[in-house]
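Please open the model in your viewer and keep the selection panel at hand. The tour begins with the whole chain and then turns to a single element.

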Amino acid sequence: MLRVGLTYDLRQDYLDMGFGEEETAEFDSPRTIEGLETALADLGFAVERVGHVKKLAEKLVGGARWDFVFNICEGVSGLGRESQVPCLLDAYGIPYVFSDPLTTALTLDKAMAKKVLAHDGVPTADFVLLTDAAQAKAVTLPFPLFAKPVAEGSGKGVGPASKASNHVELEAVTADLIRQFHQPVIVETYLPGREFTVGIVGEGKTARVIGIMEVIFDTAATANGYGYDNKQHWEGKIGYELVTDPEAVAAGDVALAGWRSLRCRDGGRADVKSDAAGRPHFIEVNTLAGLHPDYSDLVFLSNFAGWRYRDLIGAITDAFLTRHPALAARHVRAAA
């Protein structure tokens, strides 16, 4: 039986350290850890809970080893925070599920990711990167524009003020975001069309779309985007529907092209939004998508597509094992 280390950031640990609710929005609940542990055990793996990157480092220095690590650590500081666990595991020669340090760092920085996407011909909205609010005065992209932190997830920094109709509003929201998140602000051409999130498993040519889910905003939803408040308090504000119409299929194609361009692997979720003409554009990709068994977007999407939670985790680990045939062979022998 293969031994699997489970690395994660437990939200309560960071709340106890004094971090705020929004700062810890990407971190995990005990329910997620329990769900992953159960699913991996049901799939025939021996699971050991490890915890966050510092606990991982302590265990590695102490001599602990695993056949592979199932990593969902988001990290807590720096633009390369999602790369910390993959880097450490690479240093110790331990395989791990999900993307490598280069891809996790690249995809967290939305501006750098968009440069790669544009180079590879994946449609994505025009943008500028602002490091100072005064730079907003010189922006020449046509309004309205959409502003958000360059390296955050879970909708952090996205809210009613994100959509700017003029230079005054853009400068104000940019100043507020830099003050709050201490990082540059990405400003994009606003896309007014439908919003999709696309589940993907696999890598490269073998990557495939699980399903395409439309995010539908109710009248009670917080204005201007699928942001922090709408994500955290979605009930009564946001609806979700698996869609297969031509525009949705095109969104899936864009998501898959972006996934391959950024060299993502094993499993995750890409966000896509259409322009006024119904043409889908790649927004961003989550290489460490939420895996809460009850309410994460990737889990919703998988459930709508007919997958149980165990099926989703199984597809992700199967994609990982495809990259590691020796481990796959051992796993098959252990199950026989």
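What follows is a short series of selections, each with a note on what is there.

Begin with everything selected, bearing in mind that this is a predicted model. Coloured by secondary structure, the protein shows 12 helices and 13 strands. Its radius of gyration is 20 Å, close to the 20 Å that the globule rule gives for 336 residues, so the protein is as compact as a globular protein of that length. If you align the view to the principal axes, the C-alpha trace spans about 65 × 45 × 40 Å.

Next, switch on the surface, which comes to about 14200 Å² of accessible area, with 54% of that area belonging to carbon and sulfur atoms. Beneath the surface, buried residues account for 52% of the 336 residues. Among the contacts with a separation of 6 or more, 69% are made by residues 24 or more positions apart.

Now select the charged side chains: there are 33 positive and 45 negative charges, and the mean positions of the two sets lie 5 Å apart.

Finally, select residues 246-261, which form helix H9, a run of 16 residues that reaches 22 Å from its first C-alpha to its last, close to the 22 Å expected at 1.5 Å a residue. Which residues of H9 are buried? They are Glu247, Ala248, Ala251, Gly252, Val254, Ala255, Leu256, Gly258, Trp259 and Ser261. To see what these buried residues pack against, add helix H6 (110-119) to the selection, together with strands E9 (195-201), E10 (208-217), E12 (267-274) and E13 (280-286).

Terms used: Residues are numbered from 1 along each chain as its sequence is written. This is a predicted model: local features need pLDDT of at least 70, side-chain atom pairs count only at pLDDT 80 or more; totals for chains, interfaces and linings use all residues. Side-chain values use heavy atoms; hydrogens and water are left out. Helices (H or I, at least four residues) and strands (E, at least two) are DSSP runs, numbered from the N terminus. The radius of gyration is taken over C-alpha atoms; the globule rule is 2.2 Å times the number of residues to the power 0.38. Buried means under 20% relative accessible area, exposed over 50%, partly exposed in between (1.4 Å probe, protein chains only). Contact means heavy atoms within 4.5 Å. Accessible areas come from the Shrake-Rupley method with a 1.4 Å probe; for residues, only the protein chains shown count as cover. Lys and Arg count as positive and Asp and Glu as negative; His and the chain ends are not counted. The place of a charge is taken as NZ of Lys, CZ of Arg, CG of Asp or CD of Glu. The expected span of a helix is 1.5 Å times one less than its number of residues.
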